[in-house]
Structures are given as structure tokens and as C-alpha cells.
Amino acid sequence: MTFRDLNLSNPLWNALDDAGYTKPTTIQAKAFSVIMSGRDVQGIAQTGTGKTIAYLLPLLKMWTFSKLRHPQILIIVPTRELVVQVVGQGEELTKYTSAVVKGVYGGTNLNTQAAEIAEGLDILVGTPGRLLDLGYHGALNLKIIKKLVIDEVDEMLNLGFRSQLKHIMELLPEKRQNLMFSATITEDVEMLISEYFNSPEKIEAAPSGSPLTNINQVLYRVPNFNTKINLLELLLAKRADMTKILIFVSTKALADELYTNISEKYPDKTGVIHSNKDQNFRFNAVNKFQDGSFRMLIATDIIARGLDIEDVSHVINFDLPDEPQNYVHRIGRTGRADKKGESISLVSDLELDYLDDIQDLMKFIVPITELPDDLVISTELTDAEIPKIQMKNILGKLPKVKDDSSAFQEKKAKNKKVNIKVRHTDKMMAKYGKKKTRGQKKK
Ligand code: AMP
């Protein structure tokens with residue numbers, strides 16, 4: 001099947017030709033007729049599956065010029081980086097039409113963006129907070145919105161954007177087509193859909209939580225942090241095929257620490273991004289990684305989510321994320337658009353619970369690769385790794401046993417382990433030597 005088999009238009013076919021896209025990806029092929037039918041749509045697709053073009057193509061096919069120059073299509077995404085990317089793909093596809101695509105996001109001057117909107121536009125891409133500010137400011141007229149896309153809904157809800165989304169929906173006309181895309185369907189996502197969507201049709205690029213099959217997953221069991229550093233250095237020195245490497249870590253502090261370490265050896269080849277870096281620094285780091293000036297980019301989860309960087313050869317999980325879905329998102333940065341990719345995870349004993357959760361989610365056991373013979377195993381532990389006696393916390397409360405044995409049900413082996421409850425904070429204390437919140441925190 002090629003894009004010529006979809007009932008598009010010459011301007012769209014020509015734009016696709018220019019961009020070098022010939023064959024629709026699975027989600028693009030599946031989404032087209034469903035979106036064209038005008039129904040609400042619930043799409044399950046990770047970044048890397050081509051989901052942006054999957055919703056842009058039918059929406060652009062259905063778009064017609066309006067003299068009002070208020071947006072008719074609204075696309076809400078969780079991060080500024082994603083705004084820039086979706087606008088980029090929108091501009092690419094609309095180059096032979098008169099449709100104008102614009103993007104708005106926080107951290108930049110509100111009045112400048114209001115002035116740009118006043119000049120007129122057709123398709124608006126934005127982050128929830130900034131869209132609301134502009135709506136309340138009176139700069140944005142959302143009254144002729146016909147199509148609403150909420151992209152990366154799961155991430156949006158993780159970041160606590162639920163009430164902003166609700167307020168934005170209140171500003172929209174009731175009669176509209178709703179599309180949402182999410183990598184995972186959580187209870188929160190289901191709730192949002194049942195509240196605002198009208199019996200949506202479900203389309204799926206890959207089952208929720210399943211990693212893309214063109215990613216070769218490798219796992220090293222590494223005793224401690226310093227050995228992880230040694231292994232990373234060894235891989236960087238030996239593996240010439242590792243040309244474009246995205247290195248993930250769980251915290252900003254660790255990102256900075258690792259950057260200091262790696263950039264000593266590779267000063268002009270290493271970049272770092274996390275939410276404490278300002279917008280220009282972030283764009284600059286991503287651009288240098290994109291164009292190949294940087295071989296390595298060290299990143300935290302939230303900031304790298306949805307980033308569309310071409311030809312990432314390797315994703316390295318310097319540590320495992322505490323949210324299993326984030327593992328799937330991380331490794332999905334490589335092996336994009338049907339290319340081959342490799343992910344390498346460095347896993348210490350303290351992270352084995354995370355590994356269990358990830359493997360449960362994927363329903364896949366990542367094979368363990370033997371450590372290289374020339375790896376120097378460090379015995380020097382970091383403060384966080386020195387065992388602390390935390391018996392009280394670790395044991396916690398034993399569960400109450402019911403007297404009525406007939407009501408007792410044997411738990412599955414997997415669930416039995418929750419009988420000894422280790423609090424999240426204690427796990428994080430053991431891992432990082434400090435408290436770390438789950439999910440909500442901006443990384
Ligand atoms: P997305 O999942 O929307 O973030 O897209 C992932 C990447 O795939 C982007 O770089 C797109 O430019 C690229 N892409 C999207 N559709 C196609 C296609 N049909 N053929 C080749 N590349 C594509």
C-alpha cells in the first residue's frame with residue numbers, strides 16, 4: 001500500500017513526496033478512513049509509529065478555507081518540544097495549501113504569541129497551560145474549532161493537566177470531532193474519554209505497552225554505579241556502531257553528574273537536557289544531537305518524551321525508570337519508522353523490582369548479556385549504595401489474616417510479593433539516598 005491508495009489530494013500527495021514518505025505506517029493506514037468518517041477516535045500509538053501524520057493527513061484532507069482565520073483544528077500536546085515537532089510536520093504537509101499552522105507554549109512571551117494569533121491561522125498546536133492563558137486573555141477564539149486532537153493523553157494526565165484540559169474543552173463548541181492518542185490506556189485516560197468522547201472508535205498501532213519489534217533489547221546486570229560508568233565508557237570507546245546515543249537517567253541531578261563524567265572524555269560530543277535547562281539550551285542540545293554534532297545526549301524521561309530525533313542508533317538506560325511505561329517510551333526513541341535500533345539497559349540489584357514491572361508490562365523477558373571481560377568492576381560504592389539497616393521500614397506491616405479460611409484465595413505468585421510492602425519513598429531512599437515522588441514531578 002502507498003499513500004496514493006489513500007483518497008488524499010494533490011497538495012498532500014506532493015507534500016508527502018517531498019518529505020520522502022511513500023508508504024503509510026500501520027497507524028496511518030488504519031486511522032485514515034476512521035478519522036475521515038467523522039467519528040471520535042481513540043488511538044493507541046507510541047511516538048515513533050507515525051501517529052502525528054496519522055491524524056494530520058485526514059484532518060488536512062477535510063480542512064476547508066475559512067475567511068475568519070480562527071483555528072479550526074486544535075492539537076493539544078504535553079510539551080513545548082512536541083509543539084515544535086507537530087508544527088514542523090504540519091508545515092511540511094501544508095506547504096502546497098493555504099492552511100497556516102502555528103504553535104504556542106509556555107515559557108515565552110504571551111503578548112508575542114497573542115499578536116501572532118491575531119494575524120490569523122487555521123491549525124493551532126499548543127500546550128494546555130498556554131492555550132488556556134491565551135483563551136482567558138481573549139487572544140484566542142476557539143469558537144470555530146471543528147477538530148480536537150489530544151496527543152500523548154497519558155503523559156498529559158501524568159503531568160497533572162487534567163483540569164486545564166477540562167477548562168479548554170469548556171471553551172470549545174460542542175459539535176466537534178475528538179481524537180486522542182495515547183501510548184498506554186490507563187484508568188485516567190479511560191475516564192477522560194468516557195467524559196468527553198462520543199463512543200470513540202479504537203485504533204491501535206501496537207498493543208498497549210508492547211515494545212516495537214525492531215528494537216533489539218540488551219540488558220547488563222551491573223553491580224553498582226561506578227561500574228555502570230566504567231561499562232558506559234567501555235561501550236562508548238569500543239562500539240563504533242553506536243553513532244547516535246540517547247542516554248536516559250531518572251533524575252536531573254544524575255543527568256548533570258553523568259554529563260560531567262562523560263563530557264570530560266567527549267567534550268564536544270556530549271549534550272544534556274532536563275527541565276532545569278532553559279528553552280534555548282534545550283533546543284540547542286536537541287538540534288546538535290539531531291544534526292550529528294553530539295554523539296550522546298543525556299536526558300531525563302519527561303523531557304525526552306515525544307522527542308522525534310531521527311536515526312537514534314542506541315538508547316542506553318543508565319538506570320531503569322520507576323514507571324514501567326517510561327521504559328517503553330525510552331526505547332521507542334530508537335528503531336523509529338521501521339528502522340532497526342538497539343536499547344541497552346544497565347541494571348543494578350536495587351532496580352530489580354523495576355525490571356520485574358517492566359517485563360510484566362511488556363510480557364517479555366529481556367535477555368541478560370554477559371559483562372565484557374575487560375570491564376573494570378568497581379567495589380567503590382556511592383552513598384546511596386552503602387547498605388543501610390532499614391528493617392523497620394522494609395518489613396512494614398504484615399497483612400491481617402482473615403479467620404474465615406474459606407474466603408481466603410490463593411494469590412498469584414506475582415502478587416504475593418506485595419505482602420511485604422516496601423514503600424515507594426523507601427525504595428527511592430535506597431536508590432537515590434533521597435525522597436523522590438512518583439510520576440507527578442517535573443523532570
Ligand atoms: P511520530 O510517531 O508521529 O512521532 O513519527 C515518527 C517519525 O516517523 C517522524 O520522524 C516522521 O517524520 C516519520 N514518519 C511518519 N510517517 C512516516 C512514513 N509514512 N514513512 C516514513 N517515515 C514516517
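How do the residues of the shell around the ligand divide into nonpolar, polar and charged? There are 4 nonpolar, 8 polar and 4 charged residues. Keep in mind that this is a predicted model. My points follow.

1. Start with the ligand. It is surrounded by 16 residues. The closest are Tyr21, Gln28, Gly48, Thr52 and Asp308. Helix α3 spans residues 51–62. This helix gives the largest share of the shell, with 3 residues.

2. Next, look at the backbone atoms beside the ligand. At Lys23, a backbone N or O atom lies 2.8 Å from a nitrogen atom of the ligand. At Gly50, a polar backbone atom is 2.7 Å from an oxygen atom of the ligand. At Lys51, a polar backbone atom is 3.3 Å from a ligand oxygen atom. Taken alone, the ligand exposes 500 Å². The protein buries 88% of that area.

3. Now turn to the sheet of 7 strands. It is an open sheet, and its pairing is parallel. Trace the order on the model: β3-β4-β2-β5-β6-β1-β7. The edges are held by β3 (101–104) and β7 (201–204). Each has a single partner strand, so one side of each is left without a neighbour in the sheet. From one strand to the next, the twist averages 15°.

4. Zoom in on one pair in this sheet. Strand β1 covers residues 41–44. It runs parallel to β7, and 4 bridges join the two. Within this pair, Gln42 stands opposite Lys202 in β7. As a reminder, strands of a sheet pair through backbone hydrogen bonds, either parallel or antiparallel.

5. A helix lies across part of this sheet. Helix α4 is made of residues 80–93. It lies across β2 (73–76), β3 and β4 (123–126). Its direction is at about 175° to β3.

6. There is also an open sheet of 6 strands. Its order is β8-β13-β12-β9-β11-β10, and the pairing is parallel. The edge strands are β8 (215–221) and β10 (270–273). Each of them pairs on one side only. The twist averages 20° from one strand to the next.

7. Follow β8 to its partner. Strand β13 holds residues 341–347. The two strands run parallel and are joined by 7 bridges. One residue pair to find is Tyr220 with its bridge partner Leu346 in β13.

8. Finish with helix α10, residues 225–238, which packs on the sheet of 6 strands. Which strands does helix α10 touch? They are β8, β9 (245–249), β11 (296–300), β12 (314–317) and β13. The helix direction makes about 155° with that of β13.

Technical notes. Residues numbered from 1 in each chain as written. Predicted model: local features only at pLDDT ≥ 70, side-chain atom pairs only at ≥ 80, totals over all residues. Heavy atoms only, no water. Pairing = 2+ DSSP bridges. Axes fitted to C-alpha atoms, helices over the stretch in contact; angles between N-to-C directions. Contact = heavy atoms within 4.5 Å. Near = heavy atom within 4 Å. Polar contact = N/O pair within 3.5 Å; in protein donor to acceptor, adjacent residues only side chain to side chain. Areas by Shrake-Rupley, 256 points an atom, 1.4 Å probe, with all protein chains shown as cover. Nonpolar A, V, L, I, M, F, W, Y, C, P; charged D, E, K, R; others polar.
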